[in-house]
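Biologist: I'd like to see how the labels people put on a structure follow from the numbers behind them. Could you take me through a few?

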Amino acid sequence: MRKTAIVVSLIIFAALLVVTAFLIHPFGDPPSDMDDYIIANTQRETGANNAVTAVVFDYRGYDTLGEATILFTAVTGVVMLFRRRKRA
Amino acid sequence: MTGNIPFNIPFVAVAALISIAIYIIISQRNLIKIVMGISILAAGINLFLITLGYREGGVAPIYTHAPQDVMVLPVPQALTLTSIVIAVATLALMLSLVISIYRHTGSIDSEESRRMKG
Amino acid sequence: MMMSKIVRTMTHLLVPLTFIYSVYLIMHGHLTPGGGFQGGGVFASAVALLIVAFGSQNIHKSLKEHHLSILESSGALIFIGLAFGGLAAVFFYNFLTGSSIFGRIPPTGSNPGDIWTGGVIPLMNFAVGLKVIAGLSAILLTMALATSLKEVEE
């Protein structure tokens with residue numbers, strides 16, 4: 001019973017994903033207003049040749065801040081988990 | 001529609017990867033296999049972001065010795081960079097938790113460890 | 001638990017080259033493919049090679065977790081400080097563009113690349129690289145220590 005429920009729900013989910021894959025924009029021709037602005041202006045505004053680094057550290061700095069927080073939390077969790085095992 | 005690749009094949013590959021990952025996560029009971037499923041899910045999402053930002057005939061969005069002006073979109077690549085680091089960090093944390101569960105309960109079966117409340 | 005002499009000799013040869021490559025990736029992050037995250041990952045792969053070749057107990061004698069913790073916290077502080085430095089305009093404002101340090105503006109379009117460009121971005125690359133080096137090395141070292149044979153036998 002549980003197996004059948006899993007399989008049926010998965011088939012529906014996969015079908016929805018495939019339908020979405022066909023309804024999305026054609027591969028190789030994305031809508032790109034924001035990215036065209038970044039590609040055209042990144043050298044003048046940030047002075048960096050590498051647009052990806054400019055996006056990571058300048059246009060989307062908050063993302064990188066959150067990512068650094070996640071990395072810090074994961075490291076803290078791993079170290080804390082194994083330090084307590086050593087003392088016990 | 002591009003000339004060489006019809007039917008949005010890369011997006012179908014993304015759908016297949018994500019479906020396989022979800023199937024692994026909800027059907028397996030071995031915790032290591034569940035972690036592998038989550039890792040495959042992260043790989044599928046990275047592939048989705050990269051294919052989302054591909055522009056036909058584009059080069060990497062870097063102006064140092066750039067051969068042409070047509071470039072792929074930079075924002076999905078930056079998001080993929082973020083996503084990869086987060087995937088590595090959470091993978092390390094999940095594996096540490098699995099090791100800890102194994103030491104407490106002596107098993108990496110999810111049902112077993114739920115029952116023992118170790 | 002050390003591996004054989006062949007593996008140790010090759011590690012001695014490869015680790016300095018990997019360190020130099022990771023520093024190159026971090027310092028040229030605003031010009032070529034790469035940046036703080038990728039350079040930190042390459043550096044952590046060198047640490048993984050050291051741990052595999054020489055054993056986690058031997059590496060732990062010279063590389064403690066609290067050293068890595070200090071390194072990671074200083075990386076995070078430099079990053080946050082650089083973000084607060086642009087607070088005169090807005091958080092994460094690139095306040096070094098046009099100044100004398102890393103402040104040159106490259107010509108628009110394809111160019112050979114100049115290391116003194118990018119404003120605050122090379123410094124942030126450095127800070128994030130420091131953070132990722134320390135974080136991934138701490139994860140590798142802690143997990144290798146916790147799962148080494150000596151620990152399990154106790």
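Biologist: Why are H4(C) and H5(C) called roughly parallel or roughly antiparallel, whichever it is?

Modeller: Bear in mind that this is a predicted model. Helix H4 (residues 65–85) of chain C packs with helix H5 (residues 121–146) of chain C at an angle of about 155°. Angles over 145 degrees count as roughly antiparallel. So H4(C) and H5(C) are roughly antiparallel to each other. Their axes lie 8 Å apart, and H4(C) passes H5(C) in a left-handed crossing. Sorted by class, that contact of H4(C) with H5(C) has 16 nonpolar, five polar and three charged residues.

Biologist: And what makes H2(C) and H5(C) roughly parallel to each other?

Modeller: Again, look at the angle. Helix H2 (residues 36–54) of chain C and H5(C) pack at about 30°, with their axes 8 Å apart. Roughly parallel is the label for angles under 35 degrees, so H2(C) and H5(C) get it. Their crossing is right-handed.

Biologist: Which residues of H2(C) and H5(C) make the contact?

Modeller: On the H2(C) side they include Gly36(C), Phe37(C), Gly40(C), Gly41(C) and Phe43(C). On the H5(C) side, Val128(C), Gly129(C), Val132(C) and Leu136(C) are among them. By class, the contact of H2(C) with H5(C) has 13 nonpolar, six polar and no charged residues.

Biologist: What about chain C as a whole: how many helices and strands does chain C have?

Modeller: Six helices and zero strands, so to speak an α-α-α-α-α-α pattern when you read along the sequence.

Biologist: What radius of gyration would a compact globule of 154 residues have, and what does chain C have?

Modeller: The globule would be near 15 Å, but chain C has 19 Å. The C-alpha trace of chain C spans about 60 × 30 × 20 Å along its principal axes. Of the 154 residues of chain C, 47% count as buried. Take the contacts in chain C between residues at least 6 apart in sequence: 69% of them join residues at least 24 apart.

Biologist: How does chain B look on those points?

Modeller: Chain B has four helices and zero strands, giving the pattern α-α-α-α. A compact globule of 118 residues would have a radius of gyration near 13 Å, but chain B has 19 Å. Its C-alpha atoms fill a box of roughly 60 × 35 × 15 Å along the principal axes. Buried residues make up 40% of the 118 residues in chain B. Among contacts in chain B between residues at least 6 apart in sequence, 43% join residues at least 24 apart.

Biologist: Let's zoom in on single residues. Why does His25(A) count as buried?

Modeller: His25(A) has 18% relative accessibility. Buried means under 20%, so His25(A) counts as buried. You'll find His25(A) in the loop between helix H1 (2–23) and helix H2 (33–46) of chain A. Not counting residues up to four places away in sequence, His25(A) touches Pro30(A) and Pro31(A), plus Asn8(B), Phe11(B) and Leu52(B).

Biologist: And how do you know whether Asn46(B) is buried or exposed?

Modeller: We run the check against the cut-off again. Asn46(B) is at 15% relative accessibility, and under 20% means buried, so Asn46(B) counts as buried. Asn46(B) lies in helix H2 (residues 31–52) of chain B. Leaving aside neighbours within four places in sequence, Asn46(B) is in contact with Thr80(B), Ser83(B) and Ile84(B).

Key. Residues numbered from 1 in each chain as written. Chains lettered and ligands numbered in written order. Predicted model: local features only at pLDDT ≥ 70, side-chain atom pairs only at ≥ 80, totals over all residues. Heavy atoms only, no water. Axes fitted to C-alpha atoms, helices over the stretch in contact; angles between N-to-C directions. Helix = DSSP H or I, 4+ residues; strand = E, 2+ residues; numbered from the N terminus. Parallel < 35°, antiparallel > 145°, perpendicular 65-115°, else oblique. Left-handed = near helix turned anticlockwise from the far one by under 90°. Nonpolar A, V, L, I, M, F, W, Y, C, P; charged D, E, K, R; others polar. Buried < 20%, exposed > 50% of the residue type's maximum accessible area, 1.4 Å probe, protein only. Contact = heavy atoms within 4.5 Å. Rg over C-alpha atoms; globule rule 2.2 N^0.38 Å.
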